[in-house]
Amino acid sequence: MDLLFLLFRTAYSSSSVDEFVMYAVAGVFIGIYAFYYGFTQWNKFKKVADTTTSKVRSMAAGLVELNGKTIAIKALTSPVSKQGCVYYKVEHQTYIRSEKGGHWITTSIDQEYENFYLQDDTGKVEVDPRKADIDIPQKKVQYYGSRRDIEYFLSPDGDCYVLGTAKIRPGVRTVDNAASLIVTQGEGDNTFYITDKKEQDVQKNLYQRAQIGIIAGLMLTTISFGYLIFKFLI
Amino acid sequence: MAFWGLGLGLVALVFFGLIALVIVFFVLSVYNSLVALKNNIEKSWANIDVLLVQRNAELTKLLDTVKGYMKHERGTLEDITRLRASVANASGPQAKAAASDLLSGALGKLFAVAENYPQLRSSENFQQLQGRISELENAIADRREFYNDSVNTFNIRIQQIPDSVIAGLMRLEKKEMFKPALGTTEDVKLSF
């Protein structure tokens, strides 16, 4: 309680009171957003944890979880590191200097997709990655003075985890189950997540993000709101 | 000082309001998750049934194809016809699994006996049907595994705390796995 009192008194007696108010208002909104983000990550975590992994040869139409390797149908070349890939994204950033230091801001994003196969030990199925939430770590950062490019790509022959909707391909009539399906975003359940991580790591990451989002959102909203209350009430 | 009390009260209200929101969200999340798991089991069971129906349809074609060649194997063919009907009529995972396993065993015998009929073996139609039925058998095995994984996840979840509390309120009960009944893993005796 004393610590809270000291915090608010310090903030109140600061010469830059208006700046604190601005931060506090932003804190409330950022806190609410972090809270919402935590909930969405929790929902995604539950979906990944609750969905049983299918095998390609026997998967049924509907929401499917697949684990396997990425096989390129038509390979792309990543623009920065010149690697073969099935998907890439490049964030072009510029360094902005200010009185208190500086930070990088993203000025534009380039990305390109190609359909690819996901292959497990029973077969392969086509994946259309458009509209997917593609979660891959950055692979290369290239600096050009005060600019930089951050590159992300999905490598062929790399590990691939997909949680999406298997749909029957229009016009394809075959007894081969996998050949008659394509994995994409569903209409009812629009979960579509692609990553090059293992399923256990996917679950761990989503769980951590959910925890951080909910706890940080709770703390930030409460503290920021508390500051505003004390600022204008006392 | 009264303002301080009011201020702290409002901050506490926001804090505990958010905590209450987290609890409500968590309860809803567990409820929705259990509903999804229950529906997943029903869907994966239906997906096995789809393949069993497809296999029965292919078996009809197979029996039509082989009966002209295997005139001395009437008993084998009758056994398959009988077992095919018992799969179609079985209800519940345990009964269905037992009947399906007996039929799979009988089919294995049929394909083994077919080796003694070179004309039949060289028939393109027979080869296609044999390949298709083998594919379906593999797919059924995969979907059984998928079904059992789904049941296992569900059964674990409804017994774990805190999910067990909500599962209790929803009156959810453990589901039956699709596993072979005792005796069905033994070799099938067919009359020749």
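How many salt bridges are there between chain B and chain A? The count is four. Hello everyone, and please keep in mind as we go that this is a predicted model.

Let's begin with the place where the two chains meet. Chain A brings 33 residues to the contact, and chain B brings 32. Between them the chains bury about 2,900 Å², with 70% of that on carbon and sulfur atoms. If you wonder why I quote an area, the size of an interface is often given as the accessible area lost when the parts come together.

Which three residues supply more of the area that chain B buries against chain A than any other three? They are Trp4(B), Phe25(B) and Asp142(B), and they supply 22% of it.

Hold on to Asp142(B), since we meet this residue again among the salt bridges. Asp142(B) pairs with Arg57(A), and the closest N and O atoms of that salt bridge are 2.5 Å apart. In general, side chains of opposite charge can pair when their charged atoms come close. There is also a network here: salt bridges with shared partners join Arg57(A) and Asp142(B) with Lys55(A) and Glu145(B).

Salt bridges are one part of the picture; polar contacts are another. Across the interface of chain B and chain A, ten residue pairs are in polar contact. Which elements of chain B give two or more residues to the side that touches chain A? Those are α1, residues 2-66, and α5, residues 124-157. The most comes from α1(B), with 21 residues. Sorted by class, this side of chain B has 17 nonpolar, eight charged and seven polar residues.

Now let's step away from the interface and look at helix α2 of chain B. This helix runs over residues 74-89, so by the usual rise of 1.5 Å a residue its 16 residues are expected to span 22 Å. From first C-alpha to last, the helix reaches 23 Å, which is close to that value. Several residues of α2(B) are buried, among them Ile80(B), Leu83(B) and Val87(B).

Let me pick one residue of this helix, Leu77(B). Is Leu77(B) buried or exposed? Leu77(B) has a relative accessible area of 11%, so this residue counts as buried. What does Leu77(B) touch, beyond its neighbours within four places in sequence? Its contacts are Leu63(B), Val66(B), Lys67(B), Met70(B) and Leu110(B). Take Leu110(B) from that list: Leu77(B) and Leu110(B) are 33 residues apart in sequence, yet their C-alpha atoms are 8.0 Å apart in space.

To finish, let's return to salt bridges, this time within chain A. Over all chains, the whole structure has 24 of them. In one, Arg130(A) meets Asp128(A), with the closest N and O atoms 2.7 Å apart. Here Arg130(A) is partly exposed at 37% relative accessibility, whereas Asp128(A) is buried at 18%.

My last example is Lys198(A) with Asp159(A), whose side chains meet at 3.3 Å, N to O. Lys198(A) sits in the loop between β13 and α3 of chain A, and Asp159(A) sits in strand β11, so this pair ties together parts that are 39 residues apart in sequence. Both partners are partly exposed: Lys198(A) has a relative accessible area of 46%, and Asp159(A) has 27%.

That's my tour, and thank you for listening!

Methods. Residues numbered from 1 in each chain as written. Chains lettered and ligands numbered in written order. Predicted model: local features only at pLDDT ≥ 70, side-chain atom pairs only at ≥ 80, totals over all residues. Heavy atoms only, no water. Contact = heavy atoms within 4.5 Å. Buried area = accessible area lost by both parts, 1.4 Å probe. Polar contact = N/O pair within 3.5 Å; in protein donor to acceptor, adjacent residues only side chain to side chain. Helix = DSSP H or I, 4+ residues; strand = E, 2+ residues; numbered from the N terminus. Nonpolar A, V, L, I, M, F, W, Y, C, P; charged D, E, K, R; others polar. Buried < 20%, exposed > 50% of the residue type's maximum accessible area, 1.4 Å probe, protein only.
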